[in-house]
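Hi,

Here is the structure I promised to pass on to you. Have a look at it first, and then read on for my notes.

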Amino acid sequence: MARSFFGGVHPKGYKELTKEKAPVILQPKLVSIAMNQHIGRPCSPLVQVGQRVLVGQKIGDGEGLCVPVHASVSGTVVAVENHATPGGTYTLCVVIENDGRDTLFPGLKKRENIDGLSPEELIAIIREAGITGMGGAGFPTHVKLSSGLGKVDTVIVNGAECEPYITADDRLMRESPERIIRGLQVIQKILRPKRTAIGLENNKPAAAAAMKQALPADMELLTLKVRYPQGAEKQLIQAVTGRQVPPGGLPAQVGCAVFNAATCAAICDAVYDGLPLIRRIITVTGQAIREPGNFLAPIGTYYSELIEAAGGFVKAPDKVLCGGPMMGIAQHRLDCGTIKGNNALTCLLENKKSSYEPQCIRCGKCVEVCPMHLQPVFLHRASTKSDLAKLEKGNVMDCIECGCCAYTCPAEIPLVQSFRRGKQLLRAQKAKEAAK
Ligand code: SF4
Ligand code: SF4
């Protein structure tokens with residue numbers, strides 16, 4: 001059955017650029033691995049310049065809400081310094097010159113059977129493997145699992161991949177369905193849900209067929225209507241279970257936990273092969289790219305190397321985005337390395353630029369499409385005036401930055417930027433109050 005949720009939009013998909021391109025394995029010359037790729041405290045580097053490192057070796061870790069990072073290639077550390085990252089900030093990175101040998105760290109431990117492992121032991125393995133949500137948010141997976149113990153009755157795998165242009169998860173589901181299922185069985189062993197469902201949009205028939213073939217009897221495969229942002233956590237929960245996560249709430253409050261398909265595959269690699277999260281499929285696409293495609297790239301691969309592997313630019317792009325065109329972050333330089341949550345690099349031509357100052361015409365279209373039931377038109381006015389009371393009353397913190405309102409706005413107002421600013425203002429005010 002095809003299911004959906006309130007609001008949303010139907011942007012053109014452009015998935016045909018890469019959906020038939022199987023991932024090409026990349027061996028970059030250099031990788032730049034950020035010490036802060038997740039929500040939480042950054043890692044401290046555990047290696048020094050000149051040190052030889054091996055694939056899967058831990059190179060950074062920290063206390064508290066933190067997940068370790070690992071060498072994604074074997075070679076020599078050539079720098080430990082601040083570098084640009086896709087989030088637009090400078091972060092401490094470990095730069096490794098790849099020796100091309102792909103030598104595995106000898107400490108990695110394979111497991112044939114996990115029957116004797118407790119949920120806590122499995123969660124510890126997942127933490128040590130540095131696994132974070134690979135759909136973009138970067139939330140530490142071990143924290144999501146431990147906070148869901150005893151609370152979750154429904155586990156949902158997000159295979160929607162609703163963002164235009166991106167086909168990384170589509171290819172993963174076609175090529176490695178058994179890894180996703182095995183990772184999901186580990187999650188089942190930890191959370192013991194009554195129901196386990198895999199949701200994907202009905203524009204991925206090959207992925208659906210591959211997943212169906214690997215599907216055990218205690219899991220459901222659900223096809224969802226193609227509607228952006230079907231893959232947003234709260235919208236997926238609503239489409240699959242009919243439950244609504246309350247404003248400001250978490251999925252566990254309604255008994256749900258959502259995991260990206262790539263995160264499930266990473267859990268399988270960690271638990272059975274002892275392999276940390278060191279590589280992922282990334283889609284390199286957009287009209288500015290000569291040969292758009294999918295690449296299995298070590299974490300930290302420079303954007304410049306990815307673009308070179310995809311044949312370079314046809315023409316200088318107007319916009320380069322980490323991610324897709326709806327939620328992606330604009331990049332101003334190509335000498336930064338990929339991070340764990342980075343599923344695409346989208347390089348676009350013809351970025352429409354208005355020659356006039358955008359003015360709201362009060363058409364209300366943004367309200368009709370907001371999947372979070374917000375009032376973007378009023379939030380934008382509040383943000384412009386730095387009216388913190390109205391921003392808070394209007395629940396700006398619930399904005400998932402999906403970009404539906406900006407996509408539909410006839411005045412082309414940069415609404416998402418406006419809400420990001422509004423959120424920053426509110427966070428700053430709260431931090432000030434807490435410091436009093
Ligand atoms: S206000 Fe936020 S959640 Fe609503 S449509 Fe705009 S970006 Fe999406
Ligand atoms: S869609 Fe744009 S022009 Fe229309 S009400 Fe919303 S902000 Fe104003």
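Below is what I found, going from the domains to the helix packing, then to two backbone details and a ligand site.

Please keep in mind that this is a predicted model.

Let's begin with the overall layout. The domain assignment splits out domain 1, covering 109-273, and domain 2, covering 365-435. Their C-alpha centres are 29 Å apart. The two do touch: seven residues from domain 1 and six residues from domain 2 take part in the contact.

Next, the helices. Helix 4 (residues 177-191) is a good one to click on, as I have notes on how it packs with three other helices.

Start with helix 3 (residues 168-175). Helix 3 and helix 4 pack at an angle of about 90°, and their axes are 5 Å apart. With angles of 65 to 115 degrees counting as roughly perpendicular, helix 3 is therefore roughly perpendicular to helix 4. On the helix 3 side you will find Leu-172, Met-173, Arg-174 and Glu-175, which meet Pro-177, Glu-178, Arg-179 and Ile-180 of helix 4. This contact has four nonpolar and four charged residues, with no polar ones.

Now helix 5 (residues 205-214). Here the angle with helix 4 is about 55°, with the axes 9 Å apart, so helix 4 is oblique to helix 5. The two cross in a right-handed way. From helix 4, Pro-177, Glu-178, Ile-180 and Ile-181 meet Ala-210, Met-211 and Ala-214 of helix 5. Six of the contact residues are nonpolar and one is charged, and there are no polar ones.

The third partner is helix 7 (residues 261-273). It packs with helix 4 at about 75°, and the axes are 7 Å apart, which means that helix 4 is roughly perpendicular to helix 7. Helix 4 brings Arg-179, Ile-180, Arg-182, Gly-183, Leu-184, Val-186 and Ile-187 to this contact, while helix 7 brings Ala-261, Cys-264, Ala-265, Ile-267, Cys-268, Asp-269, Val-271 and Tyr-272. By class, that makes eleven nonpolar, one polar and three charged residues.

Two spots in the backbone are also worth a look. Most residues other than glycine have a negative phi, and most peptide bonds are trans. Asp-102 is not a glycine, yet its phi is positive, at about 55°. You can find Asp-102 in the loop between strand 8 (90-98) and helix 1 (119-128). The other spot is the peptide bond from Tyr-228 to Pro-229, which is cis, with omega near 0°. Pro-229 is in the loop between strand 11 (220-224) and helix 6 (233-241).

Finally, which residues are around ligand 2? They are Cys-360, Ile-361, Arg-362, Cys-363, Gly-364, Cys-366, Val-377, Cys-409, Pro-410 and Ile-413. This shell is made up of eight nonpolar residues, one polar and one charged.

Happy to go through any of this together while you have the model open.

Best wishes

How values were computed:
Residues are numbered from 1 along each chain as its sequence is written. Chains are lettered from A and ligands numbered from 1 in the order in which they are written. This is a predicted model: local features need pLDDT of at least 70, side-chain atom pairs count only at pLDDT 80 or more; totals for chains, interfaces and linings use all residues. Side-chain values use heavy atoms; hydrogens and water are left out. A residue is near a molecule or strand if one of its heavy atoms lies within 4 Å of it. Ala, Val, Leu, Ile, Met, Phe, Trp, Tyr, Cys and Pro count as nonpolar, Asp, Glu, Lys and Arg as charged, and the others, Gly among them, as polar. Axes are lines fitted to C-alpha atoms, for helices over the stretch in contact, and angles run from 0 to 180 degrees between N-to-C directions. Helices (H or I, at least four residues) and strands (E, at least two) are DSSP runs, numbered from the N terminus. Angles under 35 degrees count as roughly parallel, over 145 as roughly antiparallel, 65 to 115 as roughly perpendicular and the rest as oblique. A crossing is left-handed if the near helix is turned anticlockwise from the far one by less than a right angle, and right-handed if clockwise. Contact means heavy atoms within 4.5 Å. Domain bounds come from an automatic or database domain assignment.
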